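Hi everyone, thanks for making the time. I'd like to walk you through a few local details, so let's put the model on the screen.

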Amino acid sequence: MRILIVHNPKSGSGQSALFDYINDLVDSGVEELVIRNILSNKENFEFFKDAKDFDLIVLSGGDGTLASLNYELKYSDIPVQVFPSGTANLIAQNLNNDHEPVAMAQAALALESEYFDMGELCYTEADGSKTKIGFSMIAGIGFDAKIMQDSENLKKTMGQAAYVTAALTNVSPQTATFTLTLDGKVEVVEGIAVLIVNFADLAQRISLINEASPQDGLFHIVVLKAGKTIELLPSILNALFETNNRPNFEIFTAKEVAIDSDQALPIQFDGDVIEGASTPFSARVLENASRFIVDKNSPYYKKQD
């Protein structure tokens, strides 16, 4: 068995656990283990020039890093194991595999996997060129992107609490008028943010939308209607108690969505804000584009034949 590990050493945590995981793989007699460190965001293509030579690719880093790297592997049919070593690790939380190093090594050797949808986001650079990136969890504009911006310098010292702090300091988020084109149908709505959801679980397994699935070929598009941060509390409490009522959410579904707004707003994907980018932008579902390792602890695990 040949395994490629691509690791971001700048990620928030997980270094010692990754070393334990590697040792467990070595002790299990893996034929070849290759480790490549991310030193620049522009290296992604080089990491995977020989991807087909490996039986498994392990991606280690934060959610934004994992989403970008996984996008380079779209439709490759190569099993990918997500190793959580960032701040939030929401992709790993959604898969809900056992994250203990020995268990992860065993799952790597078992190679049991499932296919998942991926999002592809298209936006315009400052020079007018079009750029496409991938996301696994959520892309969005408005209040959520502002939280990601404001939490960036706090994550190393505060961890996940950085997001809470950033949210609480934005007590009166900016309201905008959004024009959504959903599979060709136009909707005009007002709110503080628009979220394009694939995997829906947030921190502590709070589900943004209970009925959302990363395997149904659809996005759930969520408009946050609240005028003040505190007004989102009823929806958060309902999510904690796993009820479907989200009083400040307006929810749509679509395979493709284009979003514009009456003012330029920042864009984020899987927790990373896209520098210099703003509305308008578009996104589409890439069905079954990801192949992730799952174990018996995961809600997506299906007994393999």
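Let me start with a question: leaving out residues up to four places away in sequence, which residues does Asn97 touch? This is a predicted model, by the way. The answer is Ala92, Ile293, Val294, Asp295, Asn297 and Ser298. To find Asn97 on the screen, look at the loop between α4, residues 90–95, and α5. Asn97 has a relative accessible area of 13%, and since anything under 20% counts as buried, Asn97 is buried. There is a polar contact here too: the Asn97 side chain reaches the backbone oxygen of Ile293 at 3.0 Å.

Now let's follow the chain into helix α5, which spans residues 101–110. At its start, a side-chain oxygen of Glu100 comes to within 3.0 Å of the backbone nitrogen of Val102. Which residues of α5 are buried? They are Pro101, Ala103, Met104, Ala105, Ala107 and Ala108. Among the elements that cover them are helix α1 (15–27) and three strands, β3 (56–61), β4 (80–84) and β16 (281–293). After the helix comes Leu111, with a positive phi, near 60 degrees, so have a look at that one if you like backbone torsions.

One last stop, helix α3, residues 63–72. How many of its 10 residues are buried? Eight are, so by that count this helix is mostly covered. Those buried residues are Asp63, Gly64, Thr65, Leu66, Ala67, Leu69, Asn70 and Tyr71.

That's my tour, and I'm happy to go back to any of these spots.

Terms used. Residues numbered from 1 in each chain as written. Predicted model: local features only at pLDDT ≥ 70, side-chain atom pairs only at ≥ 80, totals over all residues. Heavy atoms only, no water. Buried < 20%, exposed > 50% of the residue type's maximum accessible area, 1.4 Å probe, protein only. Helix = DSSP H or I, 4+ residues; strand = E, 2+ residues; numbered from the N terminus. Contact = heavy atoms within 4.5 Å. Polar contact = N/O pair within 3.5 Å; in protein donor to acceptor, adjacent residues only side chain to side chain.
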